[in-house]
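Here's a quick tour of a protein model, written with a computational chemist in mind. Have a look at the fold, and then we'll go through its parts.

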Amino acid sequence: MTSYTQHLYYQKQLGESKYGVFVVIKNRNKLLQKLTNKEVVSLKQVLQKIITDFNKNKTSITNKSVIEKEEHNNNSIELNMKNEIERSLKEDDIIMYKQKIEWKGYISIKYECLVRMKNKKGEIVPPIDFLDVAKKYNLYTEISKKVIEKSFKYFNDKNIYFTLNLSKLDFENLSVMKTLVKHLKNYKKNNFILEITENEELTEKNILLLNRLKEKYNFQVALDDYGSGNNNAKKIIDIKPDIIKIDGSIIKDILKDKYSKTILLSMVFLARKLNKKIIAEYVSEEKIYNYLKNLDIEGYQGYFISKPIPINS
C-alpha cells in the first residue's frame, strides 16, 4: 500500500472522516500509473467505505434531528394544552355536554354528562385531547370537581335520570370525594347513576368506598365500557352494578361480525341471569337499533339516538 493509500486508511481508522473526507487528487493519471492494480482496488474500497459511512452518518444525523424536532413540537403542544387547561379552569371554560340515552318503559330518557373544554378561540375541545395532559400536570382533580358541581347543579331541579363517570383517580382523591358527598347530601332524588369505567382497576378500598356511598345515598351504579378491558366477570362480582353498559367496540360490528354478535348475546344472557339492566353504546344506525330492540335491551345510546349537546340545550 502506498503512503497515499495508507494516509486515507489511517484517517479512517482514527475517525477523522466522521462526516466524510473530500479528496482532491492532482496529476491523477501519473498517480494511477504508479499504483498497482491491487492498490487501485484498495484505494477504491477505502473511498467507497468513506462515502458509505458518510451517507449513514448523514441519515443518522437527519433522523436524530427530525426526532428531536418532533419531540420539541410535541412538548410545545403539551405545554400549550396545559396552559389552556389552567386558563379554562380559571375562566370557567370547563363546560358540560349531555347525551341522551333512550330508555324503554316508564322512564323514557336518561342523560350522560360529558366534559368538554372551550379554548380561548371559543372552540370546543373533546376530552380525549386534554384529559391525559390534565392528569400528567395534576389538573385532573379540579376538572372532576367541576364536572360533579355542574352536573348536579343542572339536574338538581329536574326529574330526569343522569349519569356521570368517575375514575380510579377520583376515588383516591379526598377533595373529589368530598365534593361528590356534598352534592349527594343535597340531592333528594334517587335518579342519579354513577358510572365506573370497566377498564379502571379499582382497588378493594375504592370498591368498599363506592359500595358504602351507594348504600348511604341510594344511587345506582353502571359498569361503563363493558367488554373493552380485562377481568370483566370479576368486575361484576366486585362492583355489583345495577346497569351494564356494553362497549361500542362490540355493538358497532354486530350486524357484520359473527364474533361481535355472539359476544353480545352472551353478555345479554349473563345480564339477564344476574338481573342487571343493559345500555348499548354506539348505536349509530337504525338497523343496529332495531336488532337491539329485538333483544329487549333497556337502554340505547349513540348518534342514532342523539349526539352530545351542550347541557343547557
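What follows goes from the whole chain down to one strand and one helix.

This is a predicted model, so local features need pLDDT of at least 70 and side-chain atom pairs count only at pLDDT 80 or more, while totals for chains, interfaces and linings use all residues. Residues are numbered from 1 along each chain as its sequence is written, and side-chain values use heavy atoms, with hydrogens and water left out.

The protein has 12 helices and 10 strands (DSSP runs numbered from the N terminus: H or I of at least four residues for helices, E of at least two for strands). Of its 313 residues, 42% are buried, meaning under 20% relative accessible area with a 1.4 Å probe, protein chains only.

Strand 5 (residues 192-197) is largely enclosed by the rest of the structure, because six of its six residues are buried. One side carries Phe192, Leu194 and Ile196, the other Ile193, Glu195 and Thr197, and both faces are covered. Its neighbours look like this (strands pair if DSSP finds at least two bridges between them):

| Partner of strand 5 | Bridges and direction | Opposite Ile196 |
|---|---|---|
| Strand 4 (residues 161-166) | Five bridges, parallel | Leu166 |
| Strand 6 (residues 220-226) | Five bridges, parallel | Leu223 |

Now for helix 5 (residues 140-155): its 16 residues reach 23 Å from first C-alpha to last, close to the 22 Å expected (1.5 Å times one less than the number of residues). Buried residues in helix 5 include Tyr140, Ile143, Val147 and Phe155.

Technical notes
Buried means under 20% relative accessible area, exposed over 50%, partly exposed in between (1.4 Å probe, protein chains only).
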